[in-house]
Amino acid sequence: EYSLTQLSRVYPSAIRIDSSNFNPATFWACGCQMAAVNYQTNDIALQYHNAMFVQTPGYRLKPEPLRKRFYDPCSEKPVEPVRVKIRVISAQNVPVF
């Protein structure tokens with residue numbers, strides 16, 4: 001209910017000694033409106049952050065359940081998994097196992 005009337009911003013701790021990022025999806029799922037990430041580290045969290053806003057004017061509307069006044073994540077029915085088939089045409093810097 002807090003995020004219906006207030007803005008929330010999360011950011012990496014200022015006392016860190018590296019430029020690592022946290023996973024912004026965790027905070028987006030809780031209703032946080034702004035998640036700051038470090039652009040000097042091109043890790044999976046930064047890539048996820050960039051993918052969230054590609055082809056948008058810089059913002060996204062929260063999912064409908066998060067815009068409800070009385071949202072209870074435990075009461076929502078589970079989301080059915082989706083099977084996705086991906087064909088990689090080209091890849092760079094991919095570790096070979």
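Here are some friendly notes on this predicted model, taken point by point.

1. **Overall layout.** The chain has 97 residues, and 21% of them count as buried. Three helices and two strands make up its secondary structure. Read from the N terminus, these elements follow the order α-β-α-β-α.

2. **The largest pocket.** If you are looking for a place to start, try the largest pocket, which holds about 400 Å³ of space. Its lining consists of 19 residues. Those that lie nearest the centre of the pocket are Trp28, Cys32, Gln33, Met52 and Arg60.

3. **Where the lining comes from.** Which elements each supply at least two residues of this lining? They are helix 2 (24–29), strand 2 (34–35) and helix 3 (44–53). Helix 3 gives the largest share, with four residues.

4. **Chemical character of the lining.** Sorted by type, the pocket lining has 13 nonpolar residues, along with three polar and three charged ones.

5. **Proline 24.** This residue belongs to helix 2. Is proline 24 buried or exposed? Its relative accessible area is 0%, so proline 24 is buried. Along the chain, proline 24 and tyrosine 48 are 24 residues apart, while 7.9 Å separates their C-alpha atoms.

6. **Glycine 31.** Moving on from helix 2, you will find glycine 31 in the loop that leads to strand 2. Its relative accessibility is 4%; because buried means under 20%, glycine 31 falls in that class. The C-alpha of glycine 31 is 7.5 Å from that of lysine 62, and the two residues are 31 apart in sequence.

7. **Lysine 62.** The partner just named sits in the segment after helix 3. Why does lysine 62 count as buried? Its relative accessibility is 18%, and the cut-off for buried is under 20%, so lysine 62 qualifies. Lysine 62 also pairs up in space with glutamine 33: their C-alpha atoms are 8.3 Å apart, with their positions 29 residues apart in sequence. Glutamine 33 has already appeared above, as one of the residues nearest the centre of the largest pocket.

8. **A nonpolar patch on the surface.** Which residues make the nonpolar surface patch of about 460 Å²? Val82, Val84, Ile86 and Val88 do. Valine 88 is located in the segment after helix 3. At 60% relative accessibility, valine 88 is exposed, because that class begins over 50%.

9. **Two residues to view together.** Lysine 62 and valine 88 make a handy pair for a last look. Lysine 62 lies in the segment after helix 3, and valine 88 does too. Lysine 62 counts as buried at 18% relative accessibility, whereas valine 88 counts as exposed at 60%.

Note on methods
Residues are numbered from 1 along each chain as its sequence is written. This is a predicted model: local features need pLDDT of at least 70, side-chain atom pairs count only at pLDDT 80 or more; totals for chains, interfaces and linings use all residues. Side-chain values use heavy atoms; hydrogens and water are left out. On a 1 Å grid over the protein atoms alone, a cavity is a set of points where a 1.4 Å probe fits but cannot get out, and a pocket is an open set with protein on both sides within 12 Å along at least five of seven lines; lining residues have an atom within 4 Å of a point. Grid points are joined across faces, edges and corners, and a volume is the space filled by probe spheres set on the points. Ala, Val, Leu, Ile, Met, Phe, Trp, Tyr, Cys and Pro count as nonpolar, Asp, Glu, Lys and Arg as charged, and the others, Gly among them, as polar. Patches are made of residues with over 30% relative accessible area and no salt bridge: like charges are joined within 9 Å, nonpolar side chains (Val, Leu, Ile, Met, Phe, Trp, Tyr) within 5 Å. Accessible areas come from the Shrake-Rupley method with a 1.4 Å probe; for residues, only the protein chains shown count as cover. A salt bridge is a side-chain nitrogen of Lys or Arg within 4 Å of a carboxyl oxygen of Asp or Glu. Buried means under 20% relative accessible area, exposed over 50%, partly exposed in between (1.4 Å probe, protein chains only).
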